[in-house]
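Here is a short set of exercises to work through with the structure open beside you. Try each task yourself before you read its solution.

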Amino acid sequence: MVGVTSTETTAPVFRRLRTVILVVAIAVSALAVLLVLAAWRDDIRISSDEGVATAEVLSAGRLRSAISFITPDGNTVNPPLGVLYPTNLTVGQHINVEYSRSDPNLVRVAGRDARVAIIPAASVIVVTWALALPALWLVRRIERRRRQASAGLARTP
C-alpha cells in the first residue's frame, strides 16, 4: 500500500467503532422503551377484561415471582411466566391480583401497573448513554491524536 498513510487505514476502524457504540446504545435504549410499551400493552389487556383474585406467592424474586390463584369458576391458575411487577413479595404471602379473564396467565399484582417499569427503564437508558457518550468522546479524541501525529510525521522530510 504505497502512498497510504496510517491515518487513512485507521479512519474506517474508528468510524466502525463509533458506529458500533451508537448502535448498541440506541438498541439498548429502544429495548428499554419497548419494555415499558409492552408492560402498558399487558396492562390494557388486563384492564379490558379484568378479573380479581387472591393469590399465594410460591416463589419470590426481584424479576420473577411464581403465584397460584383460583378463578371464580374454580380453575387453579399458576402462570408460567409469573406475576407482573413482582417486587417486594415474599414466599407464602397472600396478595390481591388482577388478571385477564380471557387469558388468566396474564396477571399483575393489584394496584401496580406499567408506571413501575418507567424508573428502571429510564435508569438503563441513562446508564447506557452515560457510558456511550464518554466512549464516543474517547474514540474521537484518540482518532484526532493519531491524525495529528500522522500529519506531523508526513511533514518531516
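Keep in mind throughout that this is a predicted model.

**Exercise 1. Two loop residues**

Task: Is Asn88 buried or exposed?

Solution: Begin with the cut-off, since exposed means over 50% relative accessible area. Asn88 has a relative accessible area of 71%, so Asn88 is exposed. Next, find its place: Asn88 sits in the loop between strand 3 and strand 4. Finally, look at the backbone, where Asn88 shows a positive phi of about 65° although it is not a glycine.

Now turn to Tyr85, which is in the loop between strand 3 and strand 4. Tyr85 also has a positive phi, of about 60°, and is not a glycine. Buried means under 20% relative accessible area. With a value of 10%, Tyr85 is therefore buried.

**Exercise 2. The sheet**

Task: In what order do the 5 strands of the open sheet lie?

Solution: Reading across the open sheet gives 3-2-1-4-5, with antiparallel pairing. The edges are strand 3 (76-77) and strand 5, each of which pairs on one side only.

Next, take strand 1 (residues 50-59) and look at its two partners. Towards strand 2 (residues 66-70), the two strands run antiparallel and are joined by 4 bridges. A hairpin of 6 residues makes the connection from strand 1 to strand 2. Within this pairing, Glu56 has Ser68 of strand 2 as its bridge partner, and Ala55 stands opposite Phe69. Towards strand 4, strand 1 again runs antiparallel, with 7 bridges. There, Val52 has Glu98 as its bridge partner.

A background point helps when you view the sheet from either side: in a regular strand, side chains alternate between the two faces of the sheet.

**Exercise 3. An aromatic pair**

Task: Which residues form the aromatic pair, and why does the pair tie together parts that are apart in sequence?

Solution: First, count: the structure holds 1 aromatic pair. Its members are Phe69 and Tyr99, with 5.0 Å from centre to centre and 40° between the planes, and the pair is tilted. Then place each ring: Phe69 belongs to strand 2 and Tyr99 to strand 4 (residues 94-100), so the pair links parts that are 30 residues apart in sequence. Lastly, check accessibility. Phe69 is buried, with a relative accessible area of 1%, and Tyr99 is buried too, with 3%.

**Exercise 4. The largest pocket**

Task: Which residues lie nearest the centre of the largest pocket, and what kinds of residue make up its lining?

Solution: Start with the space, about 710 Å³ in the largest pocket. The lining has 22 residues, and those nearest the centre are Leu63, Leu84, Tyr85, Pro86 and Ala117. Sorting the lining by kind gives 16 nonpolar, 3 polar and 3 charged residues. As for where lining residues come from, helix 1 (6-48), strand 5 (103-109) and helix 2 (115-155) each supply at least two.

**Exercise 5. A residue in helix 1**

Task: Which residues does Asp42 contact, leaving aside its neighbours within four places in sequence?

Solution: Locate Asp42 in helix 1. With those neighbours set aside, Asp42 is in contact with Leu84 and Leu106. Leu84 should be familiar from Exercise 4, as one of the residues nearest the centre of the largest pocket. To finish, apply the under 20% cut-off for buried residues: Asp42 has a relative accessible area of 11%, so Asp42 is buried.

How values were computed: Residues are numbered from 1 along each chain as its sequence is written. This is a predicted model: local features need pLDDT of at least 70, side-chain atom pairs count only at pLDDT 80 or more; totals for chains, interfaces and linings use all residues. Side-chain values use heavy atoms; hydrogens and water are left out. On a 1 Å grid over the protein atoms alone, a cavity is a set of points where a 1.4 Å probe fits but cannot get out, and a pocket is an open set with protein on both sides within 12 Å along at least five of seven lines; lining residues have an atom within 4 Å of a point. Grid points are joined across faces, edges and corners, and a volume is the space filled by probe spheres set on the points. Ala, Val, Leu, Ile, Met, Phe, Trp, Tyr, Cys and Pro count as nonpolar, Asp, Glu, Lys and Arg as charged, and the others, Gly among them, as polar. Buried means under 20% relative accessible area, exposed over 50%, partly exposed in between (1.4 Å probe, protein chains only). Contact means heavy atoms within 4.5 Å. Two strands pair if DSSP finds at least two bridges between them. Rings of Phe, Tyr and Trp (its six-membered ring) pair if their centres lie within 6.5 Å; planes under 30 degrees apart count as stacked, over 60 as edge-to-face and the rest as tilted.
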